[in-house]
Amino acid sequence: MKPNTLLLIVLLSLSFGAEAKRPRNQPQPGLFDYYAVAHSWSPAYCATARNDPDQCDSGRQLGFVLHGLWPQYERGYPQNCSTERLPDQARAQYAPLFPSAKLVTHEWDKHGTCSGLDPAAYFALSGKLKDKLVIPAQFVRPQQPVRTTYNDMVKAFRKANPDMPVNSVLPFCGGGGRFLREVHACYTRHGEPRACSGGQVKRSFGSCRMNEFLVQSVR
């Protein structure tokens with residue numbers, strides 16, 4: 001074999017190896033492990049973002065709302081996987097899924113572009129999985145603040161959703177662990193319930209590190 005031919009084979013081998021081992025800081029659409037559906041607790045958001053009248057006007061009485069459908073790796077997550085713009089028609093059609101119209105574009109740009117789906121399929125799945133999670137009665141629209149513990153909230157969601165496995169519904173807190181911020185529910189790429197990654201479980205427990213936390217009342 002000629003030396004130049006051998007060198008070409010070695011270079012091609014290295015090239016294909018680098019492609020197969022592409023680091024995850026170069027995310028590609030459709031290459032992820034599972035979905036997390038983020039259900040934001042609207043009163044917590046509005047306590048710090050009162051300049052969002054779409055979501056936070058007094059009398060909206062919003063509790064859990066769709067923050068987004070987020071592709072996840074077992075470690076970390078991809079974001080902004082392409083520059084594909086959300087068409088105006090899709091923006092208008094799917095904005096009602098969210099508590100604020102501005103969220104639809106943000107969620108598509110950051111997370112939807114990583115799903116490998118077109119906007120219609122991505123937002124249809126977002127709505128389907130958002131509605132799939134049953135909210136325990138005490139957390140639907142509480143008129144008074146509810147004080148709870150991490151374990152009690154997890155148990156309440158498991159009781160309301162018996163098909164969800166252990167660690168598939170996780171609370172996340174803000175304010176140094178004093179207030180509920182949102183709940184994540186995890187699903188396979190095909191929309192079946194599954195446990196969230198170990199990293200998500202650790203972050204969830206660490207964020208709600210107080211002995212108990214407050215679920216703020218609706219406004």
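In this predicted model, the buried residues of helix 6 are Pro 119, Tyr 122, Phe 123, Leu 125, Ser 126, Gly 127 and Leu 129. In an α-helix, residues three or four places apart point the same way, because there are 3.6 residues a turn. The cover over the buried residues of helix 6 includes three strands and two helices: strand 1 (34–41), strand 2 (64–72), strand 5 (179–187), helix 4 (88–94) and helix 5 (102–110).

Helix 6 itself takes in residues 119–132, 14 residues in total. From first C-alpha to last, helix 6 reaches 20 Å, close to the 20 Å expected at 1.5 Å a residue. Where helix 6 starts, the backbone nitrogen of Ala 120 has a side-chain oxygen of Asp 118 within 3.2 Å.

Strand 5, which is part of that cover, is itself mostly covered, with 7 of its 9 residues buried. Strand 5 pairs with strand 1 and also with strand 4 (residues 169–174). The table sets out these pairings.

| Strands | Sense | Bridges | A residue pair |
|---|---|---|---|
| Strand 1 and strand 5 | antiparallel | 6 bridges | His 39 and Val 183 |
| Strand 4 and strand 5 | antiparallel | 6 bridges | Val 169 and Ala 185 |

Strand 4 and strand 5 also form a hairpin, with 4 residues between the strands. In this hairpin, Gly 175 takes a positive phi near 60°.

Conventions. Residues are numbered from 1 along each chain as its sequence is written. This is a predicted model: local features need pLDDT of at least 70, side-chain atom pairs count only at pLDDT 80 or more; totals for chains, interfaces and linings use all residues. Side-chain values use heavy atoms; hydrogens and water are left out. The expected span of a helix is 1.5 Å times one less than its number of residues. Buried means under 20% relative accessible area, exposed over 50%, partly exposed in between (1.4 Å probe, protein chains only). Contact means heavy atoms within 4.5 Å. A polar contact is a pair of N or O atoms within 3.5 Å; within protein, one must be able to donate a hydrogen and the other to accept it, and residues adjacent in sequence count only if both atoms are side-chain atoms. Two strands pair if DSSP finds at least two bridges between them.
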